[in-house]
Structure formats: structure tokens, C-alpha cells
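Q: I'd like a close look at a single part of this fold. Could you walk me through one strand and what surrounds it?

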Amino acid sequence: MASLRERLAEPLPGLDEGVIDAFGTLLPEGVYLPLLLRVEPRLVVPGQEGDYFSHEQVDTWGIDQFWGLPEYPHTPYYRTFETVVDDDAHLYEFVVPMVPPTWNDRERVEEYVEQMRQGQVPTAVAVSTLDLCQPALDLSTDYYQHWGLTHFLLDGHHKLEAAASAGRPVQLLSLLALDESLAEAADHGRLAALRSQPRLSRGARRVR
């Protein structure tokens, strides 16, 4: 375990089979596509500025017809990347902690903040899904297909909060669960190219 912790304290030079196997034993049997990504997380609180569920999702799906409110994700989360897929689709990337950031140890977070300010880029690990969704009918102010790449943290809760606080990047080893994603093989195959594109918000795309 110490060796694994040491490996994740730095960026992995490539897809590390030892790390993948160690975390793979924690996951249900299935088909997983490993991805090594660099993310710059921004902590978002539901209902506040930057919340996807209060803005982009509402623009496409509207508010809940019963409650008269946006969807509520029940936890702070991190937004890390977005870009255009094509004229009718946009990719959004999220990192979801398994425990709220308020549970993180403050001293450990500050240790990572200091290390990152000195240039260190640690690695976090997540199990991920890619879901392609859009309403059946075009009744919205902004109708298009949402590609949601969501990473659920297995390791790295303190690292992500520290990176968001310091404005620094972290590396993310994503184990993409192909069987659990609402996407086709061809969509999975496009992820690497889409993640290499420049970051572009949906709003910027619409005003071009």
C-alpha cells in the first residue's frame, strides 16, 4: 500500500498496470477503459455560480415540473473540462467525491496545496461513466445532446480539493465503465480526441 501511495504522489508516466489492477479489484466485474487525464478542478456548490444543474441542464430540460426547481445533486462536486463535440452536442466533465469536501482533513489538504504550489502534480483515481442524453422533444431554450463524462473518486479527495483551492492541475486515472455508460463504442473511442481539444464553454460556442 505504501508503494501505491508513493506512485500516486506523482504523475504516472503512463497507464500503470499495477495501479489499475489494485483499484480494479475494488470494482464490479465488467469492461473498463483506462484513461490518463490531466484535470484542473473547480469546486461547485449546488445552486450557486457554475452549477451545471442550475444552468446548462435547466436550459435544455427546464426545471422539475413538480417541484418547480432545478435538479439537486446533493453534494458539492468539481467541474474540470468542457468542449464542443459538434454543432448538436457538447461535452461536460465532472469529478464527484464519495464524501463531501467538508469531511476532508484540513491539514492534509494544506499539505497538498503547498506541494502543488511547488510544482508537484499528484494522481487521483476514479471510476467513470460517459452518458449521452437529450430530451425527446425540442421544447427548451438550448436544445442539444449533453455528453456527461463523470468521474467518481476512488482515491484523491484531498488532492482534488487542494488543486481547486490552489488553482493547480492533478492527474486523473479514470477507469471508464463501458457497460454502465449510456454511450456506444464509437462514442468511447472519441473521448481521447475530444479531451485533447481546447476548453470551450457552451455559451462561447453559441455566440460565435
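In which sense do β1 and β7 pair, and over how many bridges?

A: β1 and β7 pair in the antiparallel sense, over eight bridges. One of the matched pairs is Leu33 with its bridge partner Leu176 in β7. Quick housekeeping: this is a predicted model, where local features need pLDDT of at least 70 and side-chain atom pairs count only at pLDDT 80 or more, while totals for chains, interfaces and linings use all residues. Residues are numbered from 1 along each chain as its sequence is written, and side-chain values use heavy atoms, with hydrogens and water left out.

On terms: strands (E, at least two residues) and helices (H or I, at least four) are DSSP runs numbered from the N terminus, and two strands count as paired if DSSP finds at least two bridges between them. Strands of a sheet pair through backbone hydrogen bonds, either parallel or antiparallel.

Now zoom out a bit. β7 (170-177) sits in an open sheet of seven strands, ordered β1-β7-β5-β6-β4-β3-β2, with mixed pairing. The edge strands, each pairing on one side only, are β1 (32-39) and β2 (42-44). From one strand to the next, the twist averages 35°; angles here run from 0 to 180 degrees between N-to-C directions, with axes fitted to C-alpha atoms (for helices, over the stretch in contact).

Besides β1, β7 is joined to β5, by six bridges, and these two run parallel. There, Val125 has Leu173 in β7 as its bridge partner. Carry on along the sheet and β5 pairs with β6 in the antiparallel sense over nine bridges, with Thr129 partnered by Thr150 in β6.

What about cover? Eight of the eight residues of β7 are buried (under 20% relative accessible area, 1.4 Å probe, protein chains only), so the strand is largely enclosed by the rest of the structure. In a regular strand the side chains alternate between the two faces of the sheet. Here, Val170, Leu172, Ser174 and Leu176 are buried on one side of β7, and Gln171, Leu173, Leu175 and Ala177 are buried on the other.

Two helices belong in this picture. Helix α2 (residues 17-24) lies across β1, β5, β6 and β7, running at about 55° to β7. Helix α6 (residues 185-195) packs on the sheet too, and the strands it touches include β1, β5 and β7, contact meaning heavy atoms within 4.5 Å. The direction of α6 makes about 100° with that of β3.

Notes
Buried means under 20% relative accessible area, exposed over 50%, partly exposed in between (1.4 Å probe, protein chains only).
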